[in-house]
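Got your viewer ready? Let's take a short walk through this one, from the whole chain down to single residues.

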Amino acid sequence: MNAAAIDQSMMRHALTLARRGLGRTWPNPSVGAVIWRMEGEQPIIVGRGFTQPGGRPHAETEAIAMAGEAARGASMAVTLEPCAHHGKTPPCAEAIIKAGIIRVISAIADPDPRVDGGGLAILRSAGIEVVTGVLADEARAVNLGFIHKVNDQRPLITLKLAQTADGYAGVTGRQLMVSSASSKQRVHLARANHDAIMVGVGTVLADNPDLTCRLPGMMQFSPIRIVIDTHLSTPINSRLVETCGTVPTWILIGPNVSENSVEVMQEKGVIIERVASNANGHLDMRDAMRVLAKRGVTRILSEGGPLLAEALVDADLVDTIEIYTSPDRLGREGVLAVRPGLRARIENKHLFDGAEPVAIGRDRLVHYSRIK
Ligand code: AOF
Ligand code: ZN
């Protein structure tokens, strides 16, 4: 392998580490770092690290701690520019210098204004060789939630929709098992690698859902739950409220809810955030996402009903759409999963790029990603 191929393979490894932290490092990005030394033609990995739950310690100091003295004279691949600021911990750029690392391969710059090129500048001024842009597109995808939080004051949004073969989400007010066991497992895995699961209050009233990650052994990876609820209609005895001591529940409400109703919910342990409403009296989704980004949320999985999906896509807030289609028909009138207006936007080649359908158990999954 030549040097560039080794750099790429180390960065690929660092990216796999970074992906492990997704959903658990917010408000910080999930970063991966690999330290290696050359023995002849052979790269030997001496340290690996990724951002720890809650966002600290950072990936680089984890990898340096593992490598110990072996870091001296070694190279590091890191999926995001090492930090330059004195935050809750000293800057990673300084830790890298102190550890004696002589070469740093960094995928993309850190958009945080406290860093933004400063980390690489510190490394260069210490005489460390710096290579940037290695697997930049993949690193951007891993860090997209954090990038949107910093640059666009909104979290990344993955929209999940499920429909019967004839296009229905269910029957009004009744829960319908649309997806197969394999699809559910995949959705629960997606829950674990997002910071929050979001639904509209209609889903809470119809289904009284738990919205947790129930894959065996992964309950502790359940993210927070967010309800879009203009008039604060979430029942006090709903599962989301009753279990908020174990898995946090946040409810976003409009300006007209009484302070008294807010206090009742807060006493139960629910976090309430007020959000601006628009001319139709619905919550302003851009403002809602601004509030969540300000609170540190970087990645949201929206599992809410068709109306929430429409509001998010209309406000141009959706990064990825996953539509699961079951082979079974509802066979009667129900609630359309994707109404014609939303379908037109999803199928618009200027807005979303649709992949080929893949089979998930008995279901079919089509994945759309936002253009630009
Ligand atoms: C890194 N490695 O693993 C992560 C970084 O509040 P602090 O002090 O932890 O700093 C948070 C900022 O550090 C965050 O906004 C981002 O710029 C960077 N995150 N940096 O070198 C890491 N998670
Ligand atoms: Zn750092």
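Two residues are in contact here when they have heavy atoms within 4.5 Å of each other. With that in hand, keep the whole chain on screen: taking contacts between residues at least 6 apart in sequence, 71% join residues at least 24 apart. Bear in mind as you go that this is a predicted model.

**Stop one: the whole chain.** Switch to cartoon and colour by secondary structure; you should find 13 helices and 17 strands. The radius of gyration is 22 Å, close to the 21 Å that the globule rule gives for 372 residues, so the chain is as compact as a globular protein of that length. Rotate to the principal axes, along which the C-alpha trace spans about 70 × 45 × 40 Å. Now turn on the surface: the accessible area comes to about 16800 Å², and carbon and sulfur atoms account for 52% of that. As for what is hidden, 53% of the 372 residues count as buried.

**Stop two: the zinc ion.** Select ligand 2. Which protein atoms hold the zinc ion (ligand 2) as donors? They are ND1 of His58, SG of Cys83 and SG of Cys92, at 2.0 to 2.2 Å from the ion. Check the geometry too: the site has four donor atoms, the angles among them run from 99 to 118 degrees, and it is tetrahedral. For reference, the ideal angle for four tetrahedral donors is 109.5 degrees.

Trace the donor residues in sequence and you get the spacing H-x24-C-x8-C. His58 sits in the loop between β2 (42-50) and α2 (59-67), while Cys83 is in the loop between β3 (75-78) and α3 (92-99). These two are 25 residues apart, and the pair links distant parts of the chain. Are His58 and Cys83 buried or exposed? Both are buried.

**Stop three: helix α7.** Select residues 181-192 and put a distance between the end C-alpha atoms: you should get 17 Å, which agrees with the 16 Å expected for twelve residues at 1.5 Å a residue. Show side chains for Ser183, Val187, His188, Ala190, Arg191 and Ala192, which are buried. Then bring up what the buried residues of α7 pack against: β6 (156-163), β8 (196-200), β12 (299-302), β13 (320-325), β16 (358-360) and β17 (363-370).

**Last stop: helix α12.** Jump to residues 306-314, where the buried residues include Pro306, Leu308, Ala309, Glu310, Leu312 and Val313. Step just past the end of α12 to Asp316, and look at its backbone: phi is positive there, at about 60 degrees.

Conventions:
Residues numbered from 1 in each chain as written. Chains lettered and ligands numbered in written order. Predicted model: local features only at pLDDT ≥ 70, side-chain atom pairs only at ≥ 80, totals over all residues. Heavy atoms only, no water. Donors = N, O, S within 2.8 Å, 3.2 Å for Na, K, Ca; no water. Tetrahedral: all angles 85-135°; square planar, octahedral: opposite > 155°, others 65-115°. Helix = DSSP H or I, 4+ residues; strand = E, 2+ residues; numbered from the N terminus. Buried < 20%, exposed > 50% of the residue type's maximum accessible area, 1.4 Å probe, protein only. Rg over C-alpha atoms; globule rule 2.2 N^0.38 Å. Areas by Shrake-Rupley, 256 points an atom, 1.4 Å probe, with all protein chains shown as cover. Expected span 1.5 Å × (residues − 1).
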